[in-house]
Each structure stands twice: as structure tokens, then as C-alpha cells.
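Good morning, colleagues. Please take a moment with the sequence and the coordinates before I begin.

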Amino acid sequence: MTRGLAVVDLVVRARDGTRPVDGVSFRLAPGVPLTLLGETGSGKTLIAGAIMGTLSADLVATGSIRLDGRELLAAGGADRRGLWGRRLALLPQEPWLALDPTMRARGQVWEVFRHVRRLGVAEAEARTAASLAAVGLAAAARAFPFQLSGGMAQRLAFAATAAGEAPLLIADEPTKGLDSTLRDGIAALLRRHADSGGMLLAITHDVTLARALGGRAVILRQGRVVEAGQAEHVLTAPAHPYARQLLAAEPSAWPEARHPPLGRTVVAARSIAKRYGARPLFSGLSFALAAGETVAVTGPSGAGKTTLGNILVGLVRPDLGTVIREAGGARTRYQKLWQDPPAAFARHVPLGRLMDDLLRLHGIPRARLEALLARLRLEPALLGRAADAISGGELQRFALARALLLEPLFLFADEATSRLDPITQQETLALLAETAAERGLALLIVTHDAVIAAKMARRRIVVEGGEARVAV
Amino acid sequence: MSRAFGFALVLAVSLFSAIGPVVIPADPAAQDLSAYLSPPSAAHPLGTDHLGRDLLARLAHAGRLSLGLAVLSVACAVLPGVALGLAAAWRGGLTDRVLATAADMTMALPGLLIVLLVAGLAPGRIWPLWLGLSAALWVEYFRLTRATARVLLAAPEVEASRLLGFGPLYILRRHVVPALAPPLATLAAFGVGGAVMAIGALGFVGIGLRPPMAEWGLMLTELLPHYHEAPWALAWPALMVFATVFGLQLIASESAQGAGESPR
């Protein structure tokens with residue numbers, strides 16, 4: 001019997017005859033991590049679903065998936081569910097959503113030892129204590145998930161997943177929505193699983209994670225493998241043009257943004273303070289943004305980055321202090337881009353009608369919209385569609401066009417590209433920086449990616465642990 | 001499919017109730033004791049009741065009253081319910097607390113008890129029944145509107161419209177109404193069905209409208225003692241209530257499923 005996972009000529013067919021996964025083959029050996037790298041729609045999550053046996057009923061997988069010599073695709077549903085947690089396990093995305101909010105940390109790991117591994121009560125308790133200590137959570141054993149930080153929740157989810165001691169661990173987008181510190185933490189845990197002889201299949205669009213895991217890498221596009229090999233080779237000198245494009249979209253490979261000369265101050269905060277419930281987010285914060293300047297706001301999730309931006313555009317009032325906007329600058333000249341583009345548009349209404357509403361309200365000539373759409377490389381035909389019927393990248397450019405119609409002095413981009421694919425993210429941010437420079441508008445970007453912050457902005461505001469400071 | 005059937009049922013009952021009283025020549029109150037409980041015939045297509053009154057005419061007149069009153073009561077519950085729900089979601093704070101408490105207090109009383117209290121003011125009249133039903137029903141529409149609007153008003157799409165300079169009316173028209181209309185229509189369809197039942201039940205126990213007024217529940221009460229002599233006479237009003245409520249339920253549950261399909 002050969003140890004390992006062998007996927008041969010895997011095809012996933014949809015009912016309409018399309019093949020979102022079209023003939024993918026790879027081998028995964030114990031001790032050598034394998035990363036499937038690709039953008040949304042490349043089929044990488046469907047491959048995980050085919051291995052786990054969780055594909056929806058309208059998708060059919062054919063080909064061969066052998067785990068330690070045993071054919072999985074031929075097995076029935078009950079047989080495959082019997083493998084879950086014991087032979088193969090899936091590390092959940094966004095751990096704080098996957099944990100049981102009403103159960104203490106200890107219990108979430110203990111129940112796996114007790115009910116999945118069927119150990120005795122005393123032994124399960126001993127193993128739980130050891131497992132929590134191994135991920136540095138010994139002191140938090142009695143805490144509920146809401147009392148844990150993001151990193152702790154993530155390590156707890158990992159401990160609960162690993163407690164089943166399944167040899168094959170599948171991590172689907174394990175770094176989604178995480179900042180770089182948390183990303184390094186999860187990469188170390190995953191590496192440890194592989195180093196101790198486990199099989200690790202990581203699925204991601206995060207090139208940095210692929211690099212941190214090492215081992216082998218497979219680059220997917222539209223359901224096919226475009227390149228495969230040693231991670232260090234594939235991720236430094238790829239042969240396929242798409243692979244090169246994907247690597248060039250990594251923030252660390254971006255060119256430095258050019259910074260135009262600074263103009264007058266358009267918005268200034270004077271010793272502002274804000275609390276969230278009883279928790280202080282920041283206090284005594286003063287800074288000014290000049291026309292043409294880009295400032296990045298960084299800090300962990302929930303620290304108050306969005307609140308700070310909302311105070312500057314005027315959506316939220318500070319508890320203390322004042323925000324001074326340029327004299328004569330109308331409130332509508334302070335605009336915002338949202339993280340999830342479809343959430344920022346009225347539903348079921350064609351984009352064209354929303355744009356017409358805006359043109360009419362402010363008496364803007366139609367020619368200005370047409371020029372903007374051309375500048376942002378948006379087809380006018382897209383105006384006939386609703387917000388949820390176009391791609392995220394296109395919609396975020398529509399949001400930018402909508403904001404630019406009002407000739408803003410200040411634009412707040414709140415994680416505006418974090419839900420987009422790397423290549424789309426780079427295009428969108430480059431376009432945002434270009435148009436901001438052309439028009440000399442002040443840009444405040446919130447990002448959890450320190451590299452993006454460094455590439456785009458000369459100054460940074462760090463919001464963390466109840467205080468905010470301006471860093472250069 | 002079953003939705004179309006529901007529409008067909010409700011449409012048939014509505015047309016019968018709207019046009020019937022005009023085109024049916026018989027007087028619903030004209031008694032003819034010689035034709036007491038006569039079976040269906042050419043002169044009386046559905047037969048007559050225990051006082052020899054034409055059942056077809058009575059059924060149509062009763063439908064106009066039952067359906068009309070139900071629709072009127074629900075409309076008069078939807079309007080204040082939605083308006084107050086919007087006010088609570090928009091203003092928040094004290095306004096929200098006062099309105100939510102009023103809604104909770106209304107919910108603490110059984111709906112029929114409210115109708116009984118108001119109907120007791122002027123027994124046998126139409127307006128207390130209408131007022132009582134509206135007073136019992138408005139809470140559902142208030143709660144639905146408040147819950148939907150509260151989430152929506154804090155959502156990025158409304159934030160965006162506010163930042164772009166749009167006023168409250170635009171936000172209402174573009175964001176709130178399109179999100180609110182489908183669940184509201186569903187709830188109102190259930191509401192009309194429920195009101196038809198409530199009016200019938202009140203008539204049946206003798207608290208609603210009084211003879212000789214024709215009303216489906218009242219017809220059931222009057223005909224019940226004659227069940228053994230003329231079971232078919234009792235079937236007509238029961239069938240009308242059933243068709244109306246069943247049709248409305250079909251419409252409402254189908255549209256509720258449709259609303260559930262779209263995640264956003």
C-alpha cells in the first residue's frame with residue numbers, strides 16, 4: 001500500500017455540461033506540503049470538496065482519488081463520512097465562525113478526543129490539556145471563543161481539527177481575512193503538521209502562504225493545472241504566462257506608488273477619541289491629510305480602523321475632539337469605497353439607473369460619467385446589469401466611478417480590494433492610486449496587508465490595543 | 001403552479017363577491033317560509049336556508065362583507081404598522097423603545113380578546129370589528145418593518161447613498177421599499193386569510209355581526225341546527241371560507257419560498 005493522496009484525472013461536471021474542474025492530477029506525499037494556488041473560479045475549492053465528498057448534488061466527480069491506496073470516489077456517502085476527522089480533516093475558514101460560541105475552549109477539543117477518537121473520559125482530558133498546551137492555549141482552556149483573540153481562536157480551531165489525528169489535513173483558504181501576524185501563525189501550525197509526517201493540502205490564492213509552506217505547488221486556472229513543481233521553483237521562476245502574472249500581482253512585487261506633490265489640507269482630526277461600548281478604540285488622535293496624499297491605516301481586526309475612516313467621511317461622530325474639513329468643501333466631496341462591493345449598491349436595480357439618480361440629484365452632465373467609465377475601463381453595456389450580475393472587480397470600479405463623479409477631495413477605501421483576486425486587486429488598487437494622483441485627492445486606505453500599506457502610502461496610522469499613532 | 005391555483009381561487013371568490021350581489025336578482029333578506037330549506041333548483045341554484053332565503057344571493061353578499069372587511073382591516077393594520085416600524089428603525093432611541101413596548105403589550109393580549117373588547121363597544125356593528133382586527137394585527141407589520149429596516153439602514157448600501165447626498169425619501173424608495181415589499185405582501189396575504197377566519201369565528205360565536213346580515217360565519221351559525229335536514233346548505237359558506245383562506249395561503253407560502261431563494 002502506498003501512503004499518500006493520489007488524484008488522477010479528476011473531472012467535476014456541472015449539470016449544464018461545463019467542467020469547473022477539468023482533468024486535474026497531483027500526488028501528495030506525507031511530510032511534503034502541497035499548495036493548490038489559483039484565483040476564485042479556478043476550481044480549487046471544488047477539488048477539496050471532491051476529496052472530502054462534500055460536493056453539492058448537481059456536481060459529479062469522475063476520475064480517481066486514492067487515499068493510502070483506497071479509492072474514495074467509489075465509496076458511498078456513509079463510508080466517506082466515516083473518514084471525516086479520522087482519516088481526513090478540513091480546517092475551517094474564518095475560525096471564529098467555526099467555533100461553538102457557547103462552549104469553552106477546552107470542551108471544543110475534548111469532544112473530538114472523546115466522541116471522534118472514543119477515548120476514555122480521563123484520557124481525553126489529559127490529551128486535551130496536552131493539545132492546548134502545544135498550541136500555547138493552556139491558560140485559555142476555560143475561555144469562551146468570544147474571549148479569545150483572532151490568533152487564539154485560530155489556534156483553537158486548529159487544535160480541535162488536529163485532535164482527530166487525521167493523516168490528511170485540508171486547509172481551504174486558511175488565511176482568508178487574516179492580517180500578516182495571524183497568517184504567519186497559521187503557516188507555522190500547518191508546517192508543523194507536515195513536518196511530523198502528516199499530509200497537508202493547502203488551498204489558497206495567497207502566494208505568501210504558499211511560499212511559507214514550501215513543499216510542492218500546483219497553479220490552477222479555469223479547472224486545469226497550468227504549472228506544477230517544487231514550490232521554490234514554481235514560485236520564483238514560473239514558465240507559464242498566467243503563473244508569472246499571478247506572481248507579479250503579489251503586493252511585494254508591485255512597483256512603488258508615485259507620490260504627487262502635496263496640496264492644501266483637506267481633512268484634519270483634532271485630538272479625536274472614540275469608544276466601542278466600554279472599550280476605547282483610540283483617543284487624543286491628531287493628524288491632517290493633504291490633497292494628493294495617501295495614508296494607510298493598519299492594525300488587527302476589530303481595532304477600529306473602519307471607525308476612524310467613518311469619522312473622517314462623516315458617517316460617525318467622534319466622542320471627543322473635532323474633524324475639520326476644508327472650508328467650502330461639500331459633505332458629498334468626502335467619499336468611501338466598501339469592502340464587499342455588492343453590499344454597497346441597491347439590489348435588483350440596474351447600475352445605470354443608480355448612476356442616473358446620482359447625475360440628476362447633483363446636475364452632473366452625462367458626458368462626465370461616460371469619460372469616467374472609459375478611464376476606468378468599464379464597458380457602458382454593464383450599466384444595464386444589476387450590481388450582483390457583474391464581477392467584484394468591475395463593481396468596485398463602478399463604486400470608484402460613482403465616488404469620482406462627485407469630484408471628491410477625500411476618498412476612504414475600506415479594505416476595498418481584500419475580497420478580490422490578487423490580479424484584480426492589483427489592477428483595482430493601481431487604478432485607484434492613478435486616479436487619486438491625477439485628481440490630487442487625499443486617499444485613506446484601510447488594509448490588513450502591511451506590504452500593500454508600505455507600497456501605497458508614505459505615512460501609516462496604526463490602530464491597535466485601544467490607541468492609534470501616526471507612523472512614517 | 002400551486003401559486004397560480006391560489007390566485008385563481010382568490011380571484012374566483014373575489015369576483016363572485018364583487019359581481020354576485022349586482023347580477024343575482026334574488027334579495028338576500030327576502031324570506032319565503034314556504035320554500036324552507038329547499039334543495040338546489042332552477043329558482044334557487046344553491047337552495048334556500050331555514051327562512052327560505054336564497055343561499056346564492058346570501059353567499060355573494062356575505063363574501064362582499066367578509067372579504068371587504070378582512071382586506072380593509074389588514075390594510076388598516078399594514079399602514080400604521082409600517083409607518084411606526086419605519087419611525088422606530090429610523091429614530092431609534094426613545095421612539096424605538098416606546099413603540100416596541102407598545103407592540104409587546106399588544107402581543108401580550110390574545111388577538112381575539114382585543115377584537116372582543118372593541119366589538120363590545122357597539123355589538124353587531126361593522127366598524128368595531130374592523131377597528132378591533134386592525135388593533136390586533138398591526139404588531140406583526142410593525143415588527144417586520146422595524147427588523148428589516150433596522151438592518152438595512154445600517155448596511156453599506158444605505159451608508160453609500162447617504163454619503164452620495166441622497167435624502168430619506170430616496171433611501172426609502174430605492175433601498176427600504178424593495179426589500180420590505182415581498183415579505184410584507186406575504187404577511188398580508190396570510191393576514192387577510194386569518195382575518196376572514198376571525199370574522200367567521202366571531203360571527204359563529206355570536207359576537208361579530210348579527211342576523212339578518214349575511215356573513216359566512218353567521219350563516220354557519222344559523223344553519224348549524226338544520227345540519228341533519230340540509231347538510232349541503234352548511235357546505236356552501238364553509239367552502240367559501242376554505243377556498244379563500246387556502247388560496248391566500250398558497251399565494252403567501254409560494255412567495256415566501258421565492259423570497260428565500262435569493263440570499264441577498
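How many residues does the largest nonpolar core have, and which residues make the most contacts inside it? The model before us is predicted, and in it that core has 77 residues, with L156(A), A159(A) and I170(A) making the most contacts inside it. Helix α6 of chain A, residues 150-162, supplies the largest share of this core, namely 8 residues. To take one of the well-connected positions, A159(A) touches V109(A), S131(A), L132(A), V135(A) and L137(A), leaving aside residues up to four places away in sequence. There is also a second, separate core, of 64 residues, and L86(B), A88(B), V192(B) and L202(B) are among its members.

Let me turn to the domains of chain A. The domain assignment places domain 1 at 5-249 and domain 2 at 265-471. Their centres, taken over C-alpha atoms, are separated by 34 Å. To the contact, domain 1 of chain A gives 9 residues and domain 2 of chain A gives 10 residues.

Next, a sheet in chain A. Three strands form an open sheet in the order β12-β11-β14, and the pairing is antiparallel. Why do β12 and β14 of chain A each have one side without a neighbour in the sheet? Both β12 (279-290) and β14 (320-325) stand at the edges with a single partner strand, so one side of each is left free of a neighbouring strand in the sheet. On average, neighbouring strands here are turned by 15 degrees against each other, direction ignored.

Strand β11 of chain A, residues 265-276, pairs with β14(A) over 5 bridges in the antiparallel sense. Within that pairing, A268(A) has I324(A) of β14(A) as its bridge partner. Helix α11 of chain A, residues 305-313, packs on the sheet and touches β11, β12 and β14 of that chain. The direction of α11 makes about 130 degrees with that of β11(A).

Finally, helix α15 of chain A. This helix spans residues 422-439, which is 18 residues, and reaches 26 Å from first C-alpha to last, close to the 26 Å expected at 1.5 Å a residue. Its buried residues include P422(A), Q425(A), L429(A), L432(A) and A436(A). What covers the buried residues of α15(A)? The covering elements in chain A include α10 (241-248), β13 (294-298), α14 (392-404), β16 (410-414), β17 (442-446) and α16 (450-456). After α15(A) comes G440(A), with a positive phi near 60 degrees.

Thank you for your attention.

Note on methods:
Residues are numbered from 1 along each chain as its sequence is written. Chains are lettered from A and ligands numbered from 1 in the order in which they are written. This is a predicted model: local features need pLDDT of at least 70, side-chain atom pairs count only at pLDDT 80 or more; totals for chains, interfaces and linings use all residues. A nonpolar core is a set of buried Ala, Val, Leu, Ile, Met, Phe, Trp, Tyr and Cys residues joined through C-beta atoms within 7 Å. A residue is buried if 20 or more other C-beta atoms lie within 10 Å of its own, exposed if 12 or fewer, and partly exposed in between; C-beta atoms are placed from the backbone. Helices (H or I, at least four residues) and strands (E, at least two) are DSSP runs, numbered from the N terminus. Two residues are in contact if their C-beta atoms, placed from the backbone, lie within 7 Å. Two strands pair if DSSP finds at least two bridges between them. Axes are lines fitted to C-alpha atoms, for helices over the stretch in contact, and angles run from 0 to 180 degrees between N-to-C directions. The expected span of a helix is 1.5 Å times one less than its number of residues. Domain bounds come from an automatic or database domain assignment.
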